[in-house]
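Dear colleague,

Please find below the structure that I am handing over to you. My notes on its aromatic rings and on two points of the backbone follow directly after it.

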Amino acid sequence: MKRLLALGLLVAVTISGCLSTPAREVTNVCNLLDEKVSWYRAAKLSEEKWKVPMHLQLAIIHQESRFASRAKPPRNKIFGFIPGARPTDSYGYTQAKKATWEWYQLKTGKKDARRDNFSDAIDFVGWYANQSNLRSKISKTDAYRQYLAYHEGHGGFNKKSYEKKDWLISIAKKVENKSNTYKSQLSQCREQLDSNRIWTLF
């Protein structure tokens, strides 16, 4: 009996370790930020700090994780069906790799920043877009090129590595479209979000 209980516990722990925060397919960002007041505050702070539009930052996070805090890349399949290792150590809202995240921590002094914390994640996106502006001369309002640099890294973007990746160019266009959609939606609700009474609690 004890062995069965122990086995059951082991299975439960193993399964729970594979689960992540449910993804959100956000069609209206106003509804999301009205629900997640602290997220709006964090997005606004990042926008003011890095001078990168909130709608662009949110579009990148949507593409990378669908706003799931513990998102990870899908595992490779062995023989087409057995779960194997993950292709990278990307993790969290931004799907940042560990090395890139440590670079962010070092440059910003935010040693305790976590990839599964939304405030840290959106600050990272704003910081990275600012780096793309400095290192690759990409406008902070250019969602299409900002995403290409986000995915390929500044070295890759500067070498135009994306030109041979039609699938990536397609995704970058989707991010641009999502950014434009979020921009339009936010123009209609930012005043309401700013006046949200719950705001004073954060």
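Tryptophan 103 counts as partly exposed, because its relative accessibility is 23% and the class of buried residues requires a value under 20%. Please note that this is a predicted model. The partner of tryptophan 103 is tyrosine 128, and the two rings form an edge-to-face aromatic pair, with 6.4 Å from centre to centre and 85 degrees between the planes. Tryptophan 103 belongs to helix α5 (residues 98–108) and tyrosine 128 to helix α6 (residues 118–136), so this contact ties together parts that lie 25 residues apart in sequence. Tyrosine 128, in contrast to its partner, is buried, at a relative accessible area of 5%.

Both residues also belong to a cluster held together by ring pairs, which comprises Trp101, Trp103, Tyr104, Phe124, Trp127, Tyr128, Tyr147 and Tyr150.

How many aromatic pairs are there in total? The count comes to 17 aromatic pairs. Another of them joins tryptophan 39 and phenylalanine 67: the ring centres are 6.1 Å apart and the planes meet at 25 degrees, so this pair is stacked. The contact links distant parts of the chain, since tryptophan 39 sits in helix α3 (residues 37–50) and phenylalanine 67 in the loop between α4 (54–65) and β1 (77–78), 28 residues apart. Tryptophan 39 counts as buried at 8% relative accessibility, and phenylalanine 67 likewise counts as buried, at 1%.

Tryptophan 39 has a further contact of interest: lysine 36 lies over the face of its ring, 5.2 Å from the ring centre.

I turn now to the backbone. Most residues other than glycine have a negative phi. Two residues in this model depart from that pattern, as follows.

- Arginine 66, which is not a glycine, has a positive phi near 55 degrees. Arginine 66 is located in the loop between α4 and β1, and with a relative accessible area of 28% it is partly exposed.
- Lysine 160 is likewise not a glycine, yet its phi is positive, at about 60 degrees. Lysine 160 is placed in the loop between α7 (143–158) and α8 (166–194). Its relative accessible area is 46%, so lysine 160 is partly exposed.

The loop between α4 and β1 therefore appears twice in these notes, as it holds both phenylalanine 67 of the stacked pair and arginine 66 with its positive phi.

With kind regards

Methods. Residues numbered from 1 in each chain as written. Predicted model: local features only at pLDDT ≥ 70, side-chain atom pairs only at ≥ 80, totals over all residues. Heavy atoms only, no water. Phe/Tyr/Trp six-rings, centres within 6.5 Å; stacked < 30°, edge-to-face > 60°. Helix = DSSP H or I, 4+ residues; strand = E, 2+ residues; numbered from the N terminus. Buried < 20%, exposed > 50% of the residue type's maximum accessible area, 1.4 Å probe, protein only. Lys NZ or Arg CZ within 6 Å of the ring centre and 35° of its normal.
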